[in-house]
Amino acid sequence: MEYFKRSLGLSPLALLVAVTSNSALGAGAFDPSSKWMSGDWGGTRTELLEKGYDFTLDYVGEAATNLHGGYNDDRTARWSDQFALGMKLDLQKILGWNDAEFKLAITERSGRNLSNDRISDPRAGQFSSVQEVWGRGQTWRLTQLWVKQKYFDGALDVKVGRFGEGEDFNSFPCDFQNLAFCGSQVGNWVGGIWYNWPVSQWAMRVKYNITPEFFAQVGVYEQNPSNLETGNGFKLSGSGTKGMILPVELVWAPQVNGLPGEYRLGYYYSTAKAEDIEDPSQTHSSKHGWWVVAQQQVTAHNGDANRGLSLFANFTVHDKATNVVDNYQQVGLVYKGAFDGRPKDDIGFGVARIHVNDDVKKRAELLNAASGIDDYDNPGFVPIQRTEYNAELYYGFHVTNWLTVRPNLQYIKSPGAVDEVDNALVAGVKIQTSF
């Protein structure tokens with residue numbers, strides 16, 4: 001504690017005054033120009049950043065209501081949210097460790113999901129989710145605990161600790177509210193082995209920057225299903241480990257006509273045993289799949305490269321012998337600063353297709369034949385799953401530098417890939433803020 005106080009150059013009293021002050025030394029609380037709702041703490045927050053200490057408290061809240069269709073058309077609304085408390089330390093500034101940093105994040109999720117309560121047949125569920133922030137247990141979790149060290153003037157980058165695959169591999173922004181357009185899509189369709197935020201596991205990622213625009217990376221992640229359990233949010237032991245998941249990825253980030261892009265090609269391999277989809281009594285020694293991600297800004301708005309149209313696409317393919325979803329495709333666009341009076345607002349639109357393995361359909365047909373049930377409305381009927389489609393249109397209001405509000409409309413065709421479930425229209429709103 002004494003070292004911490006000396007490093008900051010602040011007494012405890014000065015820290016308290018700085019946190020509660022709205023002096024002219026920095027932006028005050030609720031200042032729309034500040035990056036933080038609580039302001040710059042009288043200039044102390046900027047001073048902390050300069051000394052290598054970055055403390056964050058972020059919040060995401062999502063509301064959704066069913067306007068039409070779904071498995072249950074009784075209209076209601078649901079709210080889900082997440083707090084993320086984080087600390088990022090520049091170890092070079094603080095301890096003199098060259099090109100090193102430390103990251104800690106603890107998250108808490110709560111609320112309910114409209115997809116479960118109204119949109120999907122409970123016998124099948126929905127593959128995507130109309131509230132992406134819901135899931136993996138509404139509980140507290142240790143989401144990040146890692147150290148990153150660079151070598152050879154930054155060419156080699158090694159990261160070790162607890163974190164999820166989607167943090168580095170198959171990564172993608174999360175501005176949409178529908179899960180089919182948010183974050184690492186591999187983790188959404190092989191979630192039994194690939195754990196996205198907020199779940200963490202012991203891992204190591206090694207990245208090598210071949211050129212300023214091109215790098216290759218490989219990872220080793222503990223595959224431990226017990227990390228998914230609600231009571232294991234802070235579990236650090238390796239008990240319950242089934243194997244490893246090994247992703248490898250090539251990433252190219254070019255400037256095309258002065259506009260940024262990013263292209264990812266990757267492959268994952270799981271060493272753990274996996275059940276056969278058609279016959280669960282049989283197992284396979286491994287599981288695998290691959291992905292492609294493309295993002296490219298294609299226009300600048302009136303010469304301003306911070307505004308303009310960007311296109312994106314995601315494709316994943318998975319092992320047909322062991323995975324329920326065998327392929328997934330997504331395309332869309334985002335336009336930033338379409339209106340001169342609202343230069344920081346953004347508009348997004350995306351469409352996604354989630355295809356269910358034909359062996360899943362065959363197994364359901366065999367189970368229904370064995371039970372002699374062919375009526376969908378019979379509780380014992382196993383729904384036949386084929387393909388689910390999701391679409392979302394949002395408008396993001398950049399209210400302040402610390403608050404963005406994105407109302408959205410979502411359309412889900414065949415929720416849970418079950419054609420008998422009515423197509424659903426959902427209205428939502430996503431709120432993102434940093435305290």
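Which residue in β7 is the bridge partner of V206? The legends below take you there and on to several other close-ups of this predicted model.

**View 1. Strands β5, β6 and β7 pair side by side in antiparallel fashion.** Your opening answer is here: V206 has V218 as its bridge partner in β7. Strand β6 covers residues 201-211 and is joined by 8 bridges to β5, residues 156-163, with the two running antiparallel. On this side, K159 finds its partner in R205 of β6. Another 8 bridges link β6 to β7, residues 214-223, again antiparallel. Between β6 and β7 the chain turns through a hairpin of 2 residues.

**View 2. Two lysines lie over phenylalanine rings.** Look for K159, which you have already met as the partner of R205. K159 lies over the face of F163, at 4.4 Å from the ring centre. Then find K207, whose charged end sits over the ring of F215, 4.6 Å from its centre.

**View 3. F176 and Y394 meet edge-to-face.** The structure holds 17 aromatic pairs, and this view shows one of them: the ring centres of F176 and Y394 are 4.8 Å apart, with 80 degrees between the planes. F176 belongs to the loop between β5 and α6, while Y394 belongs to strand β17 (residues 387-400), so the pair ties together parts that are 218 residues apart in sequence. F176 counts as buried because its relative accessibility is 3%, under the 20% limit for that label. Y394, at 2%, is buried too. Both residues are members of one aromatic cluster, along with F172, F181 and F312.

**View 4. W194 and Y268 form another aromatic pair.** Their ring centres are 6.0 Å apart and their planes stand at 70 degrees, so the pair counts as edge-to-face. W194 sits in the loop between α6 and β6, and Y268 in strand β10 (residues 259-270); the pair therefore ties together parts that are 74 residues apart in sequence. Both W194 and Y268 are buried.

**View 5. A cis peptide bond and two positive phi angles.** Some background helps here: most residues other than glycine have a negative phi, and most peptide bonds are trans. The bond joining W197 and P198 is cis, with omega at about 10 degrees, and P198 lies in the loop between α6 and β6. N170 is not a glycine, yet its phi is positive, near 55 degrees. You will find N170 in the loop between β5 and α6, buried at 0% relative accessibility. S414 also has a positive phi, of about 55 degrees, without being a glycine. The loop between β18 and β19 holds S414, which is buried with a relative accessible area of 3%.

**View 6. A nonpolar patch on the surface.** Which residues make this patch of about 600 Å²? They are V298, L311, F315, V331, L333, F349, V351 and L393. Strands β14, β15 and β16 each supply at least two of the patch residues. V351, for example, lies in strand β16 and is partly exposed, with a relative accessible area of 33%.

**View 7. F102 and G161, apart in sequence.** To finish, find F102 in strand β3, residues 100-111. F102 counts as buried, at 18% relative accessibility. The C-alpha atoms of F102 and G161 are separated by 9.7 Å, and the two residues are 59 residues apart along the chain.

Technical notes
Residues are numbered from 1 along each chain as its sequence is written. This is a predicted model: local features need pLDDT of at least 70, side-chain atom pairs count only at pLDDT 80 or more; totals for chains, interfaces and linings use all residues. Side-chain values use heavy atoms; hydrogens and water are left out. Patches are made of residues with over 30% relative accessible area and no salt bridge: like charges are joined within 9 Å, nonpolar side chains (Val, Leu, Ile, Met, Phe, Trp, Tyr) within 5 Å. Accessible areas come from the Shrake-Rupley method with a 1.4 Å probe; for residues, only the protein chains shown count as cover. A salt bridge is a side-chain nitrogen of Lys or Arg within 4 Å of a carboxyl oxygen of Asp or Glu. Helices (H or I, at least four residues) and strands (E, at least two) are DSSP runs, numbered from the N terminus. Buried means under 20% relative accessible area, exposed over 50%, partly exposed in between (1.4 Å probe, protein chains only). Two strands pair if DSSP finds at least two bridges between them. Rings of Phe, Tyr and Trp (its six-membered ring) pair if their centres lie within 6.5 Å; planes under 30 degrees apart count as stacked, over 60 as edge-to-face and the rest as tilted. A charge sits over a ring if NZ of Lys or CZ of Arg is within 6 Å of the ring centre and within 35 degrees of the ring normal.
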